[in-house]
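Q: Please take a close look at one part of this model, namely how its strands are arranged and what packs around them. A connected account, with cut-offs stated for the terms used, would be appreciated.

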Amino acid sequence: MQMEAGYLDYSGRDDLLGGGVRMIPVSTPHGVFRVWTKRIGNNPDIKLLLLHGGPGATHEYFEACDSYLPAAGIEYYYYDQLGSAYSDQPEHPDLWETDRFVEEVEQVRQALGLDHGNLFLLGHSWGGILAVEYALKYQRHLKGLVISNMMSSIPAYNRYAETVLMSAMDQDALSEIKDLEASGAIDDPRYMELLIEHHYVHHVLRMPAEDWPEPVDRSFAHINQAVYVPMQGPSELGASGRLAEWDRTGDLGRIEVPTLVIGARHDTMDPGYLEMMATKLQNGSYLYCPEGGHMAMYDDQVTYFDGLVDFLLGEA
């Protein structure tokens with residue numbers, strides 16, 4: 001698909017002055033705060049809203065989209081969830097609940113004027129949890145859904161991490177990692193050093209850490225631990241926070257809209273489980289990234305974006 005002439009014509013758009021950026025007010029139990037969004041392109045039939053991971057990471061690691069989606073004529077929206085770097089960061093721990101984030105996404109949808117005739121929602125990692133929860137409550141507003149690199153059950157993910165990922169690690173390194181976690185020393189530089197060498201470069205982003213793309217480094221550096229730790233937990237080898245018991249596998253059959261599930265061979269998430277999820281959805285399909293890890297949009301980039309673009313154009 002060739003980019004149409006009007007794709008980059010922002011004339012008449014209410015975000016023209018800021019180059020597509022809008023700060024959107026969202027109501028919460030602690031008042032109104034603002035979240036950051038940025039639109040790229042114009043396409044009345046395909047408007048892709050991106051939900052980043054973390055929780056508490058940023059839109060920045062999605063910037064690889066710029067290399068693929070404009071050429072396909074896809075309109076897309078970067079969005080930092082409340083608590084993330086470009087958005088307000090209120091110090092109210094009770095805001096970091098999945099249900100509240102769902103209502104935030106709904107307010108963002110309304111403010112951006114997205115609806116069932118054009119809205120595709122893509123959630124990666126934690127964003128996948130958020131996308132599933134949004135779809136279960138508000139799928140009437142969706143044209144399509146993408147669940148990227150996120151199992152629909154945290155208990156199942158934890159079992160996979162324990163029985164597959166951890167068992168394959170250097171056991172001395174794993175023991176040291178667990179000792180650091182047990183002592184609360186996750187800020188110790190040694191903790192991240194061990195994780196990068198023995199976990200990240202094998203399962204998160206499969207290239208030498210010094211070669212990681214700058215948007216990934218920038219996004220990871222901006223993670224808000226005040227959001228991440230209460231929800232995910234302090235460990236990088238499983239989930240132990242508020243999300244620890246989250247499981248929607250039994251509810252996937254309630255999702256009717258066309259849904260693409262993306263998995264990767266080397267992911268922290270079980271690719272076989274992700275493939276199974278696609279069969280439980282009423283209108284599901286599966287994209288497998290054979291060279292990818294958790295950040296398959298980087299380490300199996302062509303497979304990831306070719307599959308995503310094909311899905312979006314096919315459902316437009």
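A: Two strands are said to pair when DSSP finds at least two bridges between them. Strands and helices are themselves DSSP runs, with code E over at least two residues for a strand and H or I over at least four for a helix, and they are numbered from the N terminus. The model is predicted, and local features need pLDDT of at least 70, side-chain atom pairs count only at pLDDT 80 or more, while totals for chains, interfaces and linings use all residues. Residues are numbered from 1 along each chain as its sequence is written, and side-chain values use heavy atoms, with hydrogens and water left out.

On this basis, 8 strands form an open sheet of mixed pairing, in the order β1-β2-β4-β3-β5-β6-β7-β8. Strands β1 (21-28) and β8 (284-289) are its edges, each pairing on one side only. From one strand to the next the twist averages 25°; angles are taken between N-to-C directions on a scale from 0 to 180 degrees, and axes are lines fitted to C-alpha atoms, for helices over the stretch in contact.

Strand β6 (residues 144-148) deserves particular attention. Of its 5 residues, 5 are buried, where buried means under 20% relative accessible area, exposed over 50% and partly exposed in between, with a 1.4 Å probe and protein chains only. In a regular strand the side chains alternate between the two faces of the sheet. In β6, Gly144, Val146 and Ser148 are buried on one side, and Leu145 and Ile147 are buried on the other, so that both faces are covered.

The neighbours of β6 in the sheet can be followed through Val146. Strand β5 (residues 119-124) pairs with β6 in the parallel sense over 5 bridges, and Leu122 stands opposite Val146. The chain passes from β5 through α2 to β6 in a right-handed β-α-β crossover; right-handed here means that, with the strands pointing away from the viewer, the path from the first strand over the helix to the second runs clockwise. Strand β7 (residues 259-264) also pairs with β6 in the parallel sense, over 4 bridges, and Leu260 in β7 is the bridge partner of Val146.

Helices lie across these strands. Helix α2 lies across β3 (47-51), β5 and β6, and runs at about 140° to β5. Helix α10 (residues 301-315) lies across β3, β5, β6, β7 and β8, and runs at about 160° to β8.

Helix α2 also packs with α1, at an angle of about 70° and with the axes 9 Å apart. That makes the two helices roughly perpendicular: angles of 65 to 115 degrees count as such, those under 35 as roughly parallel, those over 145 as roughly antiparallel, and the rest as oblique. Among the residues that meet at this interface are Phe101, Val105 and Arg109 of α1, and Trp126, Leu130 and Tyr134 of α2; contact means heavy atoms within 4.5 Å.

Between α1 (98-112) and β5 runs a loop that holds Asn118. With a relative accessible area of 7%, Asn118 is buried. Beyond its neighbours within four places in sequence, Asn118 is in contact with Pro44, Asp45, Ile46, Lys47 and Lys143.

The account closes with the nonpolar core, a set of buried Ala, Val, Leu, Ile, Met, Phe, Trp, Tyr and Cys residues joined through side-chain atoms within 4.5 Å. In soluble globular proteins, nonpolar side chains tend to be buried together. The largest such core in this model has 104 residues, and those with the most contacts inside it are Leu48, Leu49, Leu69, Tyr76, Leu145, Ile255 and Tyr304. Helix α2 (residues 126-138) gives the most to this core, with 9 residues. Leu69 touches Tyr7, Leu48, Ile74, Tyr76, Phe305, Leu308 and Val309, when residues up to four places away in sequence are not counted.
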